[in-house]
Amino acid sequence: MTDSNNVPNSPDLSVHLKQAAPIALDVAFGCHRGELVALVGPSGSGKSSVLRCIAGLNTPSKGRVTCNGVEWLNTDQDLNRPPQQRAIGIVFQNYALFPHLSAMENVAIAIQDGGAEQRRKRAQQLLEAVNLGGLERRKPHQLSGGQQQRVALARALAREPSALLLDEPFSSVDQATRRKLQRELAALRRQMVHPIILVTHDLEEACLLADRICILHHGQSLQIGTPAEILSRPKHKLAAHLVGLTNVFEGEILEHRTSTKVTILRWLGYSLETLYRPELPVGQSVDWVIPPQHILFHQRVRPSRGERENPVHGVVAELIVLGDNASITMLVDKRDDTPIAFNLPTHVVHRNHLEEGDKISVSLQTNGIHMMLPEGIHNQ
Ligand code: ADP
Ligand code: MG
């Protein structure tokens, strides 16, 4: 993996795409050598189309794609290198192996240089790198889904690609195999020197594997950032919803306190202290979000000091125990348009004798409250 202090400013793979049809695309992101960027979006959001444009299988009406300083696509200059000149390794969801060839042959066929014996040796090394040593002679139908996907990955690496594109590579295998393949990819990529783009609709997978996540919605890249940034600092309400954040509300900027460096957010009669954001005008309506881990439940049995921080009161509307964890929905001021969701360990629920309908209080941690301008109004 690239040392983050060492990341060059211009990304090794840089992608700009814009078109109105056949599907609308408005995409800009980069990926450094050794970095894994996950392209995340719901089904139909254009993820595969973006990969196809990078690989040269589709040509957008406007766009520029460069890799390691080499231009692959520049529509302004009518430059469009064919896929074979782009040296890309791709792994698709459905493996796309040659059914009549063995695992070894499927990999060897992608190796461009060297004699038969050299290619066989290299294919052997690659199959061992993806933990398939011993299964070289099997045909695809004699391999499990996970094993076939490893062959596909070995074959993609055999091209000595300048970039690796993975299109939902784990989505057709069972959950246990998926976890195993994810761990293998996480281990393998430490030795990888290429930019890696992983397409997935699974945000959890993206958070596990990616250095950065690029959120795609209706063919548009909405935000790119580390998993932590994406989850705690979404750019606007839509981005928050797309990453599954549910505690999204509307409020208004009440004042900026310069001496204590806090901004006060007015919400349902509460004045919430938030991180200092003097660039937001007083009176401005904002959307705001708080991730559940920043909501602190006030225990009846053991009050703690953190309770002075943005206390908010309500009733438990829903309490669902799932094993060791319970998810709670609280309605603030009994209004049903203000559900705040958070989680508690089940033992805390029991110790506090918590039930639906109970009055409770929580603290909304100042550093967890993130305010967003309505879409169309730009933040920075
Ligand atoms: P994803 O991979 O995120 O599921 P795709 O890139 O496959 O999304 O497709 C995005 C949308 O574009 C889908 O609605 C799909 O049906 C449509 N689409 C894909 N390719 C074409 C094409 N060549 N012509 C017209 N529509 C297309
Ligand atoms: Mg797709």
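**Close-up 1. The side chains of Gln299 and Asn352 are joined by a polar contact of 3.0 Å.** In this predicted model, the side chain of Gln299 also makes a polar contact with the side chain of Arg351, here at 3.4 Å. Gln299 itself is placed in the loop between strand E16, which covers residues 295-297, and strand E17, which covers residues 311-322. When residues up to four places away in sequence are left aside, Gln299 touches Glu307, Val348, Arg351 and Asn352, so that both partners of the polar contacts appear in this list as well. Gln299 has a relative accessibility of 15% and therefore counts as buried, because buried means a relative accessible area under 20%.

**Close-up 2. Arg300 and Asp358 form a salt bridge, with their closest N and O atoms 3.3 Å apart.** The pair links distant parts of the chain, since Arg300 lies in the loop between E16 and E17, while Asp358 lies in the loop between helix H9 (346-351) and strand E20 (359-364), and the two residues are 58 residues apart. The partners may also be described by their accessibility: Arg300, at 40% relative accessibility, counts as partly exposed, whereas Asp358, with a relative accessible area of 18%, is buried.

**Close-up 3. Arg179 and Glu204 meet through their side chains in a salt bridge of 3.3 Å, taken from N to O.** Arg179 belongs to helix H5 (residues 175-188) and Glu204 to helix H6 (residues 203-209), and the pair therefore ties together parts that are 25 residues apart in sequence. Arg179 has a relative accessibility of 23%, so this residue counts as partly exposed, a class that lies between the limits of 20% for buried and 50% for exposed.

**Close-up 4. Glu255 and Arg257 form a salt bridge in which the closest N and O atoms are 3.4 Å apart.** Glu255 counts as partly exposed, with a relative accessibility of 31%, and Arg257 is likewise partly exposed, with a relative accessible area of 32%. For the wider setting of such a pair, a search of the whole structure finds 13 salt bridges, and those shown in these close-ups include the pair of Glu255 and Arg257, the pair of Arg179 and Glu204, and the pair of Arg300 and Asp358.

Technical notes
Residues are numbered from 1 along each chain as its sequence is written. Chains are lettered from A and ligands numbered from 1 in the order in which they are written. This is a predicted model: local features need pLDDT of at least 70, side-chain atom pairs count only at pLDDT 80 or more; totals for chains, interfaces and linings use all residues. Side-chain values use heavy atoms; hydrogens and water are left out. Helices (H or I, at least four residues) and strands (E, at least two) are DSSP runs, numbered from the N terminus. Buried means under 20% relative accessible area, exposed over 50%, partly exposed in between (1.4 Å probe, protein chains only). A polar contact is a pair of N or O atoms within 3.5 Å; within protein, one must be able to donate a hydrogen and the other to accept it, and residues adjacent in sequence count only if both atoms are side-chain atoms. Contact means heavy atoms within 4.5 Å. A salt bridge is a side-chain nitrogen of Lys or Arg within 4 Å of a carboxyl oxygen of Asp or Glu.
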